Amino acid sequence: MILLLLVTGCLPPLPAGPGAGDGDTDVSDSGISDGGDTDADTDADSDTDTDTDTGADDADGDGFSVPDDCDDTDPDVNPDATEICDNGIDDNCDGRATPCQFDGDYGVDDAVGTVSGQTTNGYVGSSLAVVVMDTGPAVAVGAGWDNQGVVWFFQDFSPSDGSADLTTADATLSLRGEATGDQSGRAMAVADVDGDGHPDLLVGGYASTLLGSIATTRTTGPIVHIVHGPIPSSADDLYTAADVRITGGTTATATYGHIELDVADVMGLRRADVILSFHTFSDAAGTNAPVNRGGLAVLADRPAGELDLETDADLRIEGESLGDGLGAGLATVDVDGDGIDDIVVGGHGAGGADSSSHGTVYVVDASDYEGDGNIVSIDDIADLTIEASGATDRLGFTVADVGDVDGDGREDIAIGADGSIYGQPDAGEVLVFHTGGLPASGALTAGDADFRLQGQESGRSGGRLGFEIVPAGDVDHDGHDDFYASGIWEEVAGTASGRVHLVPGGLTGLLGVDDDGLLATFSGAAGTDFGVSMISNRDLTGDGVADLAVGAWSWSTGRGRVYAFASPTW
């Protein structure tokens with residue numbers, strides 16, 4: 001680079017003519033004063049002159065000058081500098097201050113740590129959560145199919161420190177379910193239920209108490225244990241550790257299954273309510289036929305002690321028809337903008353002629369309900385419905401609050417339809433609805449979605465995009481929240497392996513998972529159901545940057561494995 005130096009000492013008087021007396025050493029301009037810019041460089045002036053001085057001084061001595069050097073006062077900022085993410089500085093002068101984010105394609109070999117199950121068909125990774133123990137933060141890993149079910153706690157889960165590959169034997173603490181068949185750990189949620197400022201852990205499973213002549217096929221379920229935080233490191237099992245225990249009753253009038261959990265103020269009491277859903281709920285007493293209406297229950301006002309859904313629930317809702325599967329997806333979002341969260345619940349078989357797989361999502365303003373806990377039909381209480389457009393879509397299999405994806409200040413909804421056809425059967429789809437544009441009541445269809453992410457079009461059938469959806473926060477710092485969506489059977493290298501996609505907010509219209517436009521894609525190993533559970537927007541490695549953990553519960557004959565991916569910190 002050639003540096004042009006301007007000699008400023010002992011200059012003769014400026015000659016008269018254009019530009020004379022305007023305070024500029026350049027006399028070839030139009031004579032419009034530039035406010036005393038004596039070096040006439042490339043800085044923005046108010047005149048129209050053609051400056052002959054480039055002002056190429058390297059003020060900070062880093063070998064670069066303006067305009068190549070975007071900050072000539074800092075030698076660590078120049079075109080050859082290493083960009084440091086999330087420091088708010090354009091270190092390498094490429095025009096942007098780069099956030100720390102995943103970018104591109106990742107495989108299981110890129111994981112910085114794993115947790116592996118040791119029991120065949122234990123299904124480690126059924127659910128995942130970040131909790132606080134009395135000795136510090138920990139990652140909770142559910143093994144919901146491990147007979148009684150168990151939650152493993154890993155307090156030293158920081159793969160960046162070299163402890164890359166762990167097994168359940170390395171857990172700091174394990175809490176098992178109460179009895180054979182409980183399957184505790186199928187679902188987990190973390191929230192401050194008792195209002196003491198500490199996050200509590202909710203663990204859900206199928207209950208195991210068998211009844212009467214139909215004992216081989218019926219259970220009392222569900223069973224939910226709530227352990228108030230901080231989680232005691234001295235605890236022995238879920239039964240003794242739990243401060244709250246919720247069961248499904250002691251009569252054979254109902255059977256429950258797949259459970260989802262959420263905590264929010266949905267009754268308008270300004271306190272935490274616990275919402276449970278179970279999409280295989282049957283109310284057909286005395287019969288072995290699974291009718292799978294599905295249902296949900298709300299226990300309001302900081303539930304405590306021993307509770308029974310049949311007598312203690314403040315609100316109980318069931319599906320309208322056989323096969324509705326109400327409760328497969330569950331979230332709480334303020335859809336109507338009244339400042340109180342609404343219940344958004346999916347019935348993946350509800351609506352349409354094919355009642356086993358069509359799908360409808362319902363929005364319920366529970367603050368309007370004044371009842372005694374008797375069961376009401378979802379069709380009688382729902383304020384807004386969103387119905388699938390295809391007979392096999394299974395719309396509502398997953399429902400998630402994905403944050404403010406459109407940047408209007410309100411949280412938005414993403415809905416999984418893992419049976420949607422897109423090139424292949426069961427390719428799956430994720431639909432995003434901006435709550436700011438939703439009516440408070442009425443009926444919509446999938447076609448009204450603001451954005452649709454469609455599953456793997458080529459390759460094997462049955463990718464099942466939309467099996468799991470979780471918020472990611474604003475990963476790319478563009479003012480729109482992003483989210484992760486998984487297709488647990490998407491094809492990788494010719495086999496059903498599973499993939500997780502990081503989807504940017506702010507998108508509208510249609511996008512396929514193999515099209516350009518996604519922030520990142522993570523691919524699993526063959527036959528592992530990669531993406532069945534996820535932890536996002538949490539620092540798992542102790543470096544201050546949000547990471548990602550992905551469950552693959554079918555790894556190694558159902559032993560299950562969890563993969564941790566560390567966000568870039570360069």
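**The largest pocket and the aromatic pairs**

By class, 27 nonpolar, ten polar and eight charged residues line the largest pocket. A word of caution before we go on: this is a predicted model.

So much for the classes. Now the space itself. The largest pocket holds about 1,300 Å³. Its lining counts 45 residues, and Met188, Leu261, Glu468, Ile469 and Val470 are the closest to its centre. Which elements give two or more residues to that lining? They are β3 (124-133), β8 (187-191), β12 (259-264), β17 (326-333), β22 (395-401), β27 (465-473) and β34 (530-538). Of these, β34 gives the most, with seven residues.

Next, the rings. Across the whole structure, a search turns up nine aromatic pairs. Take one of them: tyrosine 484 with phenylalanine 522. Their centres are 6.3 Å apart, and the planes meet at 55 degrees, so the pair counts as tilted, falling between the 30 and 60 degree cut-offs. What does this pair tie together? Tyrosine 484 is in strand β28 (residues 482-487) and phenylalanine 522 is in strand β33 (residues 520-523), so the pair joins parts 38 residues apart in sequence.

Are these two buried or exposed? Tyrosine 484 is buried, at 3% relative accessibility. Phenylalanine 522 is buried too, with a relative accessible area of 0%. Both also belong to a cluster linked by ring pairs, along with Phe102, Tyr106, Phe530, Tyr563 and Phe565.

Last, a charge over rings. Arginine 464 lies over the face of phenylalanine 397, 5.5 Å from the ring centre. The charged end of arginine 464 also sits over the ring of tryptophan 489, at 5.0 Å from its centre.

Notes. Residues numbered from 1 in each chain as written. Predicted model: local features only at pLDDT ≥ 70, side-chain atom pairs only at ≥ 80, totals over all residues. Heavy atoms only, no water. Phe/Tyr/Trp six-rings, centres within 6.5 Å; stacked < 30°, edge-to-face > 60°. Helix = DSSP H or I, 4+ residues; strand = E, 2+ residues; numbered from the N terminus. Buried < 20%, exposed > 50% of the residue type's maximum accessible area, 1.4 Å probe, protein only. Lys NZ or Arg CZ within 6 Å of the ring centre and 35° of its normal. 1 Å grid on protein atoms, 1.4 Å probe; cavity = no way out; pocket = protein on both sides within 12 Å on 5 of 7 lines; lining within 4 Å. Points joined across faces, edges and corners; volume = space filled by probe spheres on them. Nonpolar A, V, L, I, M, F, W, Y, C, P; charged D, E, K, R; others polar.
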